[in-house]
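Got your viewer open? Here is a short tour, one selection at a time.

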Amino acid sequence: MEPLTLTTGRLVLRPFEPQDAQEVHAACQDPGIQRWTVVPSPYTRADAELFTGTLSPDGWADDTMYNFAVVLRENGPLVGALGVNRRTLTGTYEIGFWTAREHRGRGLMTEAVLEAARWSFTDLAADRLEWRAEVGNAPSRALALRAGFRMEGDQRSALLNKGTRRDTWTGALLPADLGLPGAHPYLPAPGVSGTP
């Protein structure tokens, strides 16, 4: 897929570029980002250059991973990173994100997640957008809940982070949760999602 840009009232979600490496490197020095995400630790300038200059463009080119630099409008600073990754199940994608410390608590990443979700459901024909975070990452869980993700439970040993398998919280967002049609019909099981 050709890289594209999304906009919200306050943000621009655009493909990463090599010149973003400095801001990505600086943001990823945050111990919280290194603890709760799968970025390398320690996070070097070479890691940032690989991410912005190779991994992100390659993901767009082979339709497996769509990474966005989340920036404030009008060429503002980097707020964070957001990725939508193709899963093995048809129509299922996973979303992940981190927010630079100085931009937390303002609802910016929630805004970005909602815009990326709408794009996933409309342009990628996603029927399910999954979110996972290591158990204990309460800020990520709170953001997912604000964006409308329904928590579906815990998964044992579902995440490999820095050589250690960890349990995750798991949630999902469906097109109908945002008032959008799905690419395929959905028949919930009795008793699920308030069905009889």
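A polar contact here is a pair of N or O atoms within 3.5 Å; within protein, one must be able to donate a hydrogen and the other to accept it. Keep that in mind for the first stop, and remember that you are looking at a predicted model.

Start by selecting Asn67, which sits in strand β3, residues 65–72. Now add Ser56: the side chains of Asn67 and Ser56 are joined by a polar contact of 3.2 Å. Is Asn67 buried or exposed? Asn67 has a relative accessible area of 6%, so it counts as buried, the cut-off being under 20%. To see what surrounds Asn67, show its contacts beyond four places in sequence: Arg14, Pro15, Phe16, Phe51, Ser56, Trp60, Leu82 and Gly83.

Next, jump to strand β8, residues 164–173, and pick out Thr168. At a relative accessible area of 1%, Thr168 is buried too. Which residues does Thr168 touch, leaving out those up to four places away in sequence? Select Arg132, Ala133, Glu134 and Val135, then Gly153, Asp154 and Gln155, and finish with Ala158 and Leu159. While you have Gly153 up, draw a C-alpha to C-alpha distance to Thr168: it comes to 8.4 Å, for a pair 15 residues apart in sequence.

Last stop: helix α4, residues 108–122. Put a distance line from its first C-alpha to its last and you get 21 Å over 15 residues, close to the 21 Å expected at 1.5 Å a residue. Switch on a surface and α4 is mostly covered, with 13 of its 15 residues buried.

Conventions
Residues numbered from 1 in each chain as written. Predicted model: local features only at pLDDT ≥ 70, side-chain atom pairs only at ≥ 80, totals over all residues. Heavy atoms only, no water. Helix = DSSP H or I, 4+ residues; strand = E, 2+ residues; numbered from the N terminus. Expected span 1.5 Å × (residues − 1). Buried < 20%, exposed > 50% of the residue type's maximum accessible area, 1.4 Å probe, protein only. Contact = heavy atoms within 4.5 Å.
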